[in-house]
Amino acid sequence: MMSTFHRRDVMKASALLAASAWAPMPVRATVAGNARHDARIRDLIARMTLAEKIGQMNQIAGGRQRALNSRLDPGMLNRVRRGEMGSFLHVAGAEPLRRLQKIAVEESRLGIPLLFAMDVIHGYRTTLPVPLALAATWDPAAMEQAAALMAEEAWAAGLHWTFTPMVDVARDPRWGRVVEGAGEDAYLGSRMAEAQVRGLEGPAGMPAGRGRILSCTKHFVGYGAVAGGRDYDSADMSERPLHEVYLPPFHAAMRAGSGSFMTAFNDVGGVPMTANAELVRGELRGRWSYQGLVVSDWNAIRELINHGVAATPAEAAALALRAGIDMDMASSTYADFLAPAVAADATLLPLVDEAVGRILAAKARLGLFDDPYSFGDEAREKAPLARKPARDIAARSVVLLRNEGAVLPLKAGARIALIGALADDASSALGSWRARGQAEDAVTLRRALPQATFDSGSDLASAARVAAAADVVVLAIGEDYDLTGEARSRADLTLPGKQQALIEAVRGAGKPIVAVLMGGRPLALEQALYGVPAVLQTWFLGIESGPAIVDILSGKVSPAGRLPIGMPRVTGQLPMSYAHVPSGRPANPDLAIDSARYHDAAIGPLFAFGHGLSYARFDYSTLAIEERADAAIVSVAVTNAGSVPAEEVVQLYVRDPVATVARPITELRGFHRLALKPGEQRTVRFTLTHAQLALWKAGKWVIEAGVIDVMVGSSSADIRARGRFRVAAGEGTLPAASIATAVAVV
């Protein structure tokens, strides 16, 4: 029968809860100040036993990634009846989840609905480009569209919650999880984080409607800075990069309304994030006033013992709770050991109430207390895949890295050799974290380019013969899906396997080569791409991978993607970033001069952050700068001087050339993807506030008086116009890179 909680009138809050630290969440990641929900939560906590509270803090895997729902046996269902978990992950399906929810709501003592969660990272059934590729669009609207499609399909399958966006800034692509984020830059990452949250939860950050689910911003914080690019390793950084580089995308996601956060596996300065009270309870909860749900990563609470900061599981549970971790993902450390910890230390009980309050608030925010069966739609769940948006978004993600001699677009009637196993690898087209995506749904490049003569490249002599018989060679090279993602760090980012030998064999045929790079990270390919006139970075593009690439190869679509992370020449350059701090002896091409460079590699990346070419040419005017009391309006006219319609990504960079601390040589502070017809000119106007120029100093944001250099161009290494303006001293209140630059096109 329906629980008493869902039938009865709201009761008054208990004295126990009133004495605890839990309070209605003050930011947009709340139940919108809904007094009815607040009272419900207080009343419910007052009636819960400690075991039931801890049950809410326990998330259990209801299956495995490749076998969803497989652990929902009778014993597990009895645990639901006893209220021993608040959430399941690795479950899906409108009908089975409705049945499971019915047990929780109608057969447990308090009738508290469950949260159903799954890693829906770049698509549920319709697999879209991987997140790094989505960031390569430099188009928040495309990112938001992708996230909204993911949310709609996940919602139809009965899911409430997904563990995305991953907003870790990553400047070392040896780290396999670079595929899940937005690359190396805090500003670009902040804009993409906002877009994903809006797409998943809606523009108001309130996912209580059809087709919306709860986002989870991860991994708080520093995971992208792990030593050596080794997954799960330590991250060590000073206060300035922590606040200026790694925290801003999290702050942007919070302001966009992200309903939950996940802590990272790594430590920062020796303190594991799962036990980092200073950053979770202090920075996130305190300074930022975030009171949304915080969940650990998989088994991370138990792993505090491995980190060497806890001797027993009970100590690990207490550390995580004190840090501000509300829900334990999969380790059962809270479930098995938190009650003894509370018995030994009564000061933990108010923290339990806080955590349970935030969990229940997340459920209320989703509307589960009002209608626990509002998620799931069997008809929508069986709807056809969204192929058109998948193809359009994929094409927007492709980056043209090189096009010497105008090899691209391919000439009509040209004899094409398509060489390389990745061209026919449907599974790799899906990338990692594929949710319910199926390889048979993916259209490969081979299928999309049937007029080409295909050779897998397994036999070098055969590949050379096929290349020699063609007018142009399209060579698919890179990494397969299993070489990027979690626990997929690589020490050597050259081409795996025998692909370098394949390039040499094909190059020997003497035909123009179009290298189509597939994968989930930038590789170190200076040697491999030597003498290759045309290069496309296509990433893992999802189910419409092949057609999207053909749209670019054929010229149906002019490429406009841009690199969200620079591409190294050799692995040994890593980690690296365009936004590095200058040294006293800047890199000099003359090896006889002592300078900050490698003697065995050219200076800088092979392809820079923000780089990407087009089939059109764009001209830039000089800058016009209007100085205001707290902002500068930077305007530039951009003209399509080519013969085809195309898009340019206009990028705004700044530098503080003289400050009390050394500042990065350049930092992104605005961008706009601009569509122009041949001969068309538009003016892009950036409104750059002084707050976006603040630096972190002595525990606060400071705006230092002085001159600011401003640069506008087509990439961080292709600046077309420069100017300067002055700022007055002041204080900032938000992380500078988390603040969006207003853009107008006239």
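How many aromatic pairs does a search of the whole structure find? In this predicted model, the search returns 15 aromatic pairs. One of them joins Trp138 and Phe609, whose rings are tilted with respect to each other, with 5.3 Å centre to centre and 50 degrees between the planes. Trp138 is located in the loop between helix H7 (131–135) and helix H8 (140–156), whereas Phe609 belongs to the loop between helix H23 (545–554) and E17, so the contact ties together parts that are 471 residues apart in sequence. Both of these residues, Trp138 and Phe609, are buried.

A further pair is formed by Tyr578 and Tyr653, which meet edge-to-face at 5.8 Å centre to centre, with 75 degrees between the planes. Because Tyr578 lies in the loop between H23 and E17 while Tyr653 is part of strand E20 (residues 646–655), this pair ties together parts that are 75 residues apart in sequence. Tyr578 has a relative accessible area of 10% and is therefore buried, the cut-off being under 20%; Tyr653, at 0% relative accessibility, likewise counts as buried. Ring pairs link these residues into a cluster that comprises Trp138, Tyr187, Tyr578, Phe609, Tyr653 and Phe671.

Charged side chains were also examined in relation to aromatic rings. The charged end of Arg191 sits over the ring of Tyr187, 4.7 Å from the ring centre, and Tyr187 is itself a member of the aromatic cluster. Lys218, in turn, lies over the face of Trp433, at 6.0 Å from the ring centre.

Attention then turns to strand E19 and its pairing partners. Strand E19 (residues 631–640) is largely enclosed by the rest of the structure, because 10 of its 10 residues are buried. In a regular strand, side chains alternate between the two faces of the sheet. In E19 both faces are covered, with Ala631, Ile633, Ser635, Ala637 and Thr639 buried on one side and Ala632, Val634, Val636, Val638 and Asn640 buried on the other.

Strand E17 (residues 618–620) runs antiparallel to E19 and is joined to it by three bridges, with Tyr620 standing opposite Val638 of E19. Strand E18 (residues 624–627) also pairs with E19 in the antiparallel sense, over four bridges, and the two strands form a hairpin with three residues between them. Antiparallel pairing between E19 and strand E22 (residues 681–689) extends over nine bridges. Ile633 of E19 stands opposite Glu626 in one pairing and opposite Thr687 of E22 in another, and this isoleucine is among the buried residues of E19.

Terms used: Residues numbered from 1 in each chain as written. Predicted model: local features only at pLDDT ≥ 70, side-chain atom pairs only at ≥ 80, totals over all residues. Heavy atoms only, no water. Buried < 20%, exposed > 50% of the residue type's maximum accessible area, 1.4 Å probe, protein only. Pairing = 2+ DSSP bridges. Phe/Tyr/Trp six-rings, centres within 6.5 Å; stacked < 30°, edge-to-face > 60°. Lys NZ or Arg CZ within 6 Å of the ring centre and 35° of its normal.
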